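Me: Please take a close look at one part of this model, the second largest pocket, and work through its lining. After that, place the pocket in the wider context of the chain.

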Amino acid sequence: MNLSGKRFLSALKGNYLGQLALVVVIVLLTMVLFAPYISPHDPNKFNLPERNKPPVFLMDGDWKYPLGTDPHGRDVLSRIIHGARVSLGTATAGVSIAVFLGVILGICSGYLGGVWDSAIMRSVDVLLSIPLILMALIVVAILGSHLINIIIVMGAAGWIWHARIVRGNVLRIREEQYVLAAINLGTPKIKIVFLHLLPNLYGPIMVTATIQIGYMVILESGLSFFGITGSTLSWGWDIAFGRSYLGTAWWVSSFPGVAIFLSVFSFNLLGDFLRDLLDPQGRQITKACLLYTSPSPRDATLSGIPS
């Protein structure tokens, strides 16, 4: 095991929220990758004699349907497992596109500067002024309801997160002595990017992408709730379908909602854990800010915090 692996396990050992988040994320990824093999039933098969079966922990519940069935007799657990493929798969694909575009444009903005920086940052300002849900509705109205179009919207709008973070880090890294030395030695710009910039951007990119996945899950679920993603096998769609049966079959909407909550919460916790692991200096600064609110120079000196 290499040093990074030991460091990861050591940090995880004392972080119970990080452990919980990692377990939930692993379970979710297992659902995405192996849904057809671990799903107990066909998620789309109607079975009217078994409709509105309660969860196993309620009276008349049956282990055959651990989370109950919907008004069409479809197994809720199977729909949650397969719905993870749509909700998480769409979010992950959208974030992947956002990372790819954001890293390229962020490096161009921060490293090349000048016209590149102005053009990219003004584009970021324009996109920040447009609500993401409105952008999704416009794209769907033009191109139609399809998950591919939703992924395109996620990628086209999500890159601004990464571009701004990458740009800020590049502006700092390019002033480091080893980068300045490489420039003075005539090292090609593309080589400087791959040897000196990208390795130092890995941490911020991974943290931002992890947190962004949770945000995109909420976006996809919201769009699915209104039926504009083109998929009827999604957590958001199941919540919308079950809202008419809250009085008789509350589990149809509730369990997909719990799945969304756990997904977003776990990815946010995992992102916080990775931030603390990959940016210990930032963690210490954060703790100092929480413990000391605008300390005087004397107090800062006594406490060991530089003023």
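Reply: For sorting a lining by class, Ala, Val, Leu, Ile, Met, Phe, Trp, Tyr, Cys and Pro count as nonpolar, Asp, Glu, Lys and Arg as charged, and the others, Gly among them, as polar. Sorted in this way, the lining of the second largest pocket has 10 nonpolar residues, 4 polar ones and no charged ones. The model is a predicted one, and the values below are computed from it.

The volume of this pocket is about 270 Å³. Its lining consists of 14 residues, and those nearest the centre are L29, T92, T210, I213 and F267. By the classes above, L29, I213 and F267 are nonpolar, whereas T92 and T210 are polar. Two or more lining residues come from each of α2 (16–38), α3 (76–112), α8 (189–225) and α10 (251–278). The residue ranges put L29 in α2, T92 in α3, T210 and I213 in α8, and F267 in α10. The largest share of the lining is from α3, which supplies 5 residues.

These elements turn up again in the nonpolar packing. The largest nonpolar core has 62 residues, and the members that touch the most others are I80, L88, I107, V217 and W235. Two or more core residues are given by each of α2, α3, α5 (132–143), α6 (147–173), α7 (177–184), α8, α9 (235–242) and α10. A separate core of 7 residues has C108, I120, M121 and W159 among its members.

W235 can be followed in detail. With neighbours up to four places away in sequence left out, its contacts are L28, I80, G83, A84, S87, L88, V217, S221, P256, A259, I260 and S263. Three of these partners, I80, L88 and V217, are also on the list of core members that touch the most others.

P256 leads from W235 to another feature. It is a contact of W235, and it also lines the largest cavity, together with D70, V76, R79, D238, F241 and V252. The structure holds 1 cavity of 30 Å³ or more, and the largest cavity has a volume of about 40 Å³. The elements with two or more residues in its lining are α3, α9 and α10. Its lining divides into 4 nonpolar, no polar and 3 charged residues, while that of the second largest pocket has 4 polar and no charged residues. The charged residues of the cavity lining are D70, R79 and D238.

Back in α8, Q212 sits in sequence between T210 and I213, two of the residues nearest the pocket centre. Q212 counts as buried, because its relative accessibility is 0% and the limit for that class is under 20%. Beyond four places in sequence, Q212 touches V95, A98, G158, W161 and H162. Of these, V95 and A98 fall within the range of α3, and G158, W161 and H162 within that of α6.

Another contact of α8 involves I133, a residue of helix α5. I133 is in contact with L219 and L223, sequence neighbours within four places aside. The C-alpha atoms of I133 and L223 are 7.9 Å apart, although 90 residues separate the two along the chain. I133 counts as partly exposed because its relative accessible area of 39% is neither under 20% nor over 50%.

The loop between α2 and α3 holds two backbone exceptions, N52 and D60. Most residues other than glycine have a negative phi. The phi of N52 is positive, near 55°, and that of D60 is about 75°, also positive. N52 is partly exposed at a relative accessible area of 28%, whereas D60 counts as exposed at 61%.

For the chain as a whole, the secondary structure comes to 12 helices and 0 strands. Of its 307 residues, 42% are buried. Among contacts between residues at least 6 apart in sequence, 69% join residues at least 24 apart; the I133 to L223 contact, spanning 90 residues, is one of that kind. The exposed area is about 16,600 Å², with carbon and sulfur atoms supplying 66% of it.

How values were computed: Residues are numbered from 1 along each chain as its sequence is written. This is a predicted model: local features need pLDDT of at least 70, side-chain atom pairs count only at pLDDT 80 or more; totals for chains, interfaces and linings use all residues. Side-chain values use heavy atoms; hydrogens and water are left out. On a 1 Å grid over the protein atoms alone, a cavity is a set of points where a 1.4 Å probe fits but cannot get out, and a pocket is an open set with protein on both sides within 12 Å along at least five of seven lines; lining residues have an atom within 4 Å of a point. Grid points are joined across faces, edges and corners, and a volume is the space filled by probe spheres set on the points. Helices (H or I, at least four residues) and strands (E, at least two) are DSSP runs, numbered from the N terminus. A nonpolar core is a set of buried Ala, Val, Leu, Ile, Met, Phe, Trp, Tyr and Cys residues joined through side-chain atoms within 4.5 Å. Buried means under 20% relative accessible area, exposed over 50%, partly exposed in between (1.4 Å probe, protein chains only). Contact means heavy atoms within 4.5 Å. Accessible areas come from the Shrake-Rupley method with a 1.4 Å probe; for residues, only the protein chains shown count as cover.
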